[in-house]
Amino acid sequence: MTKTLLRLGHALVAALALGAGGASAVVDGITGPVFNLTARADYITAGDGASLLAWGYAPDDAHPGHFQDVMQYPGPTMIVNEGDEVIVNLKNALPMPVSMVFPGQSGVTTSCDSATGGTPGALTCEAPPDGTTTVTYTFTASHPGTYLYHSGTRPDLQVEMGLVGAIVVRPAGFDEGTNRTAYGDAGSAYDHEYLFLLTEMDFQVHEQVAINLMAGLPPETGVNTADFTSEYWFINGRAAPDTMMAAGAGTPWMPTQPYNAMPRMFPGERLLMRVIGGGRDLHPFHHHGNNSWTIARDGRLLESVPGSGNPDLAVSDFTVKVVPGNTYDAIFEWTGKGLGWDIYGTVALNPHTCTADTSGFDVVTREWCADHDKPLPVVLPNQQDLAFGGFWSGSPYLGAAGALPPGQGGLNANAGYFHMWHSHAEKEITNNDIFPGGMMTMVIIEPRVEGVTIP
Amino acid sequence: MKTTCTLSRLGFLVALAWGLAPAAHGAVFVQCPGDSNQDAVIDNPALHPNAKCMHLSGGDGFVTMADGYLQYIFGFSDLTGVLPEQAMSEGMLAANFPAPTIALKQGQQFYLSLTNAGMAIRPDLFDPHTVHFHGFPQAAPVFDGMPEGSIGINMGATITYYYNLIEPGTFMYHCHMEATEHMQMGMLGSLYVDPIQNRTGIGGSLAAPDLSTVAAKEGGAGPYGYVYNDGDGSTAFDVEIPIQLGSFDPAFHDASYTVQPLPFAEMKDKYPMMNGRGYPDTVNSASLPPPIDPETGESANGGKVSQPVSSRVTATAGQKILLRLSNLSVTNFYTVTALGLPMKVVGTGAHILRGPDGTDTYYDTSSVTLGGGEAADVIVDTGGAAPGTYFLYTTNLNYLSNNTEDYGGMMTEIVIN
């Protein structure tokens with residue numbers, strides 16, 4: 001593990017210094033409401049370094065943090081506002097017809113309806129593989145929330161090949177600086193938001209398609225989509241440890257996988273998890289650290305009174321059961337409440353104060369005051385008796401770095417608390433026979449000290 | 001050598017600076033308040049009424065599958081009550097499946113010592129181990145047992161985890177070291193925390209309990225227990241059983257046993273189980289006999305009982321049965337049903353099924369689906385049920401099998417008298 005993760009070192013530190021490669025306070029994506037995309041082929045890198053032929057949606061225009069005209073996995077996250085008329089113009093540079101469907105959006109019209117471009121297909125209007133025809137999809141983003149889109153043409157094959165992406169609809173009144181909510185209500189208010197689009201791949205399909213194309217055969221020749229067996233699992237198109245690398249240009253050797261999954265927060269903050277089942281399999285997404293409240297499914301708040309803005313039917317759990325095609329919005333919080341010892345060490349070790357607000361928390365020092373100055377109740381073993389994780393700071397205390405043997409640790413720049421967020425079907429935290437990897441990343445609970453900022 | 005000494009001294013000084021007195025190197029070292037001989041048993045519990053201690057070993061061993069197949073495993077065993085001098089020998093080749101059930105109470109301070117007893121069958125391995133208290137609220141990495149962000153314990157040494165228990169519910173625990181391997185190999189167990197309402201009764205406090213509703217398992221006149229601090233008795237039950245779903249891939253275990261490359265990508269579980277056994281072993285109320293090596297006809301693990309946990313449920317008609325369901329399979333989701341009996345889900349993820357403002361979201365169902373790392377609290381009300389034998393089984397019907405044996409797997413009996 002340590003060796004595998006060591007190569008993360010510089011990239012991760014760079015990512016933190018750069019604010020995750022230029023990422024802003026919101027999820028990485030491109031803003032509309034008009035999106036110009038082309039379906040293209042290229043290669044992606046799996047967590048073990050393998051290259052897989054993949055198909056994806058490429059942005060035709062320049063967007064910060066994205067690579068113009070480069071196919072990406074997943075497709076660009078399309079960020080729009082509630083009430084927008086969304087227009088998606090799709091061209092196709094792939095060797096077979098392609099299209100887009102928008103689950104959860106109603107009233108989608110296409111250029112086939114008006115006979116202005118494209119060919120009617122089984123599910124929706126398709127773009128022929130000519131590279132020039134533009135197919136247009138139009139819908140009104142009537143509900144805020146988290147959604148996905150994917151190919152509606154041979155989706156059994158084309159989603160496996162990579163033609164899938166996320167849509168975020170901002171609620172009316174949303175303001176990135178002053179009013180961050182998922183659904184416009186206090187129950188969905190958050191400090192930071194992160195996307196977790198979960199997918200998987202069977203490399204044999206990708207090899208078969210590549211061989212077919214080299215042989216001049218139709219790409220789907222001999223591909224048995226009923227017999228998929230995944231060897232790779234991804235969050236936002238990357239397999240661990242790449243999930244923890246910088247986004248966008250911060251990791252220039254992965255231009256077709258511009259999104260990372262590196263959630264960070266301070267104690268006492270609210271982190272919005274936008275989780276999407278983007279592939280074929282169910283994934284139990286376990287987030288270490290604390291329970292979360294799932295406040296919405298498929299872009300609808302879990303509320304007993306529709307439109308009330310009160311997610312009174314939210315469910316608390318330590319694992320999100322991610323079903324293919326479903327989306328989940330969950331609020332994760334962490335304060336260290338009730339641990340029974342001071343997460344910053346005793347006052348004698350580390351002089352600090354705690355001034356409780358009405359909830360018992362100090363919002364300045366980020367401490368749960370009831371445990372202030374309580375010592376760690378047990379003695380930790382000697383270094384010789386321990387195996388150290390790369391993200392272990394050497395100290396049990398938040399923001400404190402302890403001594404570590406040479407070559408140990410080193411991946412925890414701010415002495416934060418690292419908790420693994422991963423598929424709890426642990427077979428899926430591997431990269432084709434190699435542990436660790438796959439559908440796994442870490443959240444960092446950062447110490448509230450000078451110099452540590454989270455966008 | 002000089003460099004090493006210098007560095008060790010540096011670590012020692014830093015540890016002292018942080019107020020951590022280091023333990024002796026490479027020794028079993030159990031930390032438990034009021035325990036003078038380090039056997040993880042508190043000498044005078046009256047002096048430490050809220051402390052709870054336990055000592056586990058991590059190592060390897062053997063179990064027997066329901067079709068008779070001998071399976072090599074990694075696992076935990078219970079060393080509570082064992083003196084440190086005997087801990088290594090008692091813990092060696094002692095792996096249980098499932099791991100010893102950990103039953104706790106809200107309000108306790110839980111001191112869990114883990115001694116790494118090493119791999120007797122695989123001397124080429126020097127794996128550390130951890131305990132991950134899966135679902136522990138507001139966790140800090142030092143006691144979370146997730147080794148990439150924390151620490152693992154090496155062979156021959158002990159780490160003591162500390163948990164202040166402020167949330168009741170059905171959790172689970174497992175080793176998180178090289179998680180895919182150690183979990184497929186069997187380092188998995190049930191863990192649950194009783195609510196404080198068991199001791200306060202409904203509406204009472206610890207100082208002034210409502211004696212008429214204090215749980216019978218705490219000596220009160222109320223129901224046997226409650227799942228959560230519901231405030232209204234709606235999670236009361238009369239009979240309780242933790243049932244952990246899981247499954248083994250025999251090819252993976254055999255590869256480990258015979259020192260071959262481990263088939264992660266090809267992993268396919270073929271022994272579906274409840275509490276470490278396939279049907280019909282699930283309904284055996286007794287411990288399974290120690291595993292036998294078919295090649296020698298002798299005990300494979302020195303005659304140690306390694307599968308003590310039955311999944312047979314018995315109740316009297318009218319009683320409410322609490323099924324503390326969890327799944328720690330590393331490959332599969334499983335759906336279970338209690339055919340002919342109503343199931344009410346009152347909690348998931350160690351949290352009562354109520355919204356942030358207390359809105360009740362309990363639901364009635366006839367099936368529950370759990371992926372790895374999920375848990376549910378299910379109350380089966382036998383009020384309308386005729387006496388007889390009912391079955392709790394997976395509706396993923398292909399998993400009603402013990403590898404090539406076509407009748408068995410993830411199934412047990414609920415007997416209503």
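Two residues are in contact here if their C-beta atoms, placed from the backbone, lie within 7 Å. Keep that cut-off at hand for these exercises, which work through a predicted model.

**Exercise 1. The side of chain A that touches chain B**

Task: Find how many residues of each chain take part in the contact between chains A and B, and which strand of chain A gives the largest share.

Solution:
- Step 1. Apply the cut-off between the chains: 68 residues of chain A are in contact with 64 residues of chain B.
- Step 2. Look at which strands of chain A supply at least two residues each to this side: they are β16 (283-287), β19 (315-317), β20 (319-322), β24 (386-388) and β25 (417-423).
- Step 3. Rank the shares. β25(A) gives the largest one, with four residues.
- Step 4. Sort the residues of this side of chain A by character, and you get 34 nonpolar, 25 polar and nine charged.

**Exercise 2. A strand pair across the two chains**

Task: Work out in which sense β24(A) and β6 of chain B run, and which residue of β6(B) stands opposite F388(A).

Solution:
- Step 1. Locate the partner: β6 of chain B covers residues 151-153.
- Step 2. Count the bridges. Three of them join β24(A) to β6(B), and the two strands run antiparallel.
- Step 3. Follow F388(A) across to chain B, where I151(B) stands opposite.

**Exercise 3. A strand inside chain A**

Task: Decide whether β12(A), residues 192-201, is enclosed or open, and identify the strands that pair with β12(A).

Solution:
- Step 1. Check burial along the strand. In β12(A), 10 of the 10 residues are buried, so the strand is largely enclosed by the rest of the structure.
- Step 2. Recall that side chains in a regular strand alternate between the two faces of the sheet.
- Step 3. Take the faces in turn: H192(A), Y194(A), F196(A), L198(A) and E200(A) are buried on one side, and E193(A), L195(A), L197(A), T199(A) and M201(A) are buried on the other.
- Step 4. Turn to the neighbours. β15(A), residues 270-277, pairs with β12(A) in the parallel sense over seven bridges, with E193(A) opposite L272(A).
- Step 5. β13(A), residues 232-235, pairs with β12(A) in the antiparallel sense over four bridges; here Y232(A) is the bridge partner of M201(A).

**Exercise 4. The overall form of chain B**

Task: Judge how compact chain B is for its 417 residues.

Solution:
- Step 1. List the elements: chain B has five helices and 23 strands.
- Step 2. Compare radii. The radius of gyration is 22 Å, close to the 22 Å from the globule rule, so chain B is as compact as a globular protein of that length.
- Step 3. Add the extents: the C-alpha trace of chain B spans about 75 × 55 × 35 Å along its principal axes.
- Step 4. Finish with burial, which takes in 56% of the residues in chain B.

How values were computed:
Residues are numbered from 1 along each chain as its sequence is written. Chains are lettered from A and ligands numbered from 1 in the order in which they are written. This is a predicted model: local features need pLDDT of at least 70, side-chain atom pairs count only at pLDDT 80 or more; totals for chains, interfaces and linings use all residues. Ala, Val, Leu, Ile, Met, Phe, Trp, Tyr, Cys and Pro count as nonpolar, Asp, Glu, Lys and Arg as charged, and the others, Gly among them, as polar. Two strands pair if DSSP finds at least two bridges between them. A residue is buried if 20 or more other C-beta atoms lie within 10 Å of its own, exposed if 12 or fewer, and partly exposed in between; C-beta atoms are placed from the backbone. The radius of gyration is taken over C-alpha atoms; the globule rule is 2.2 Å times the number of residues to the power 0.38.
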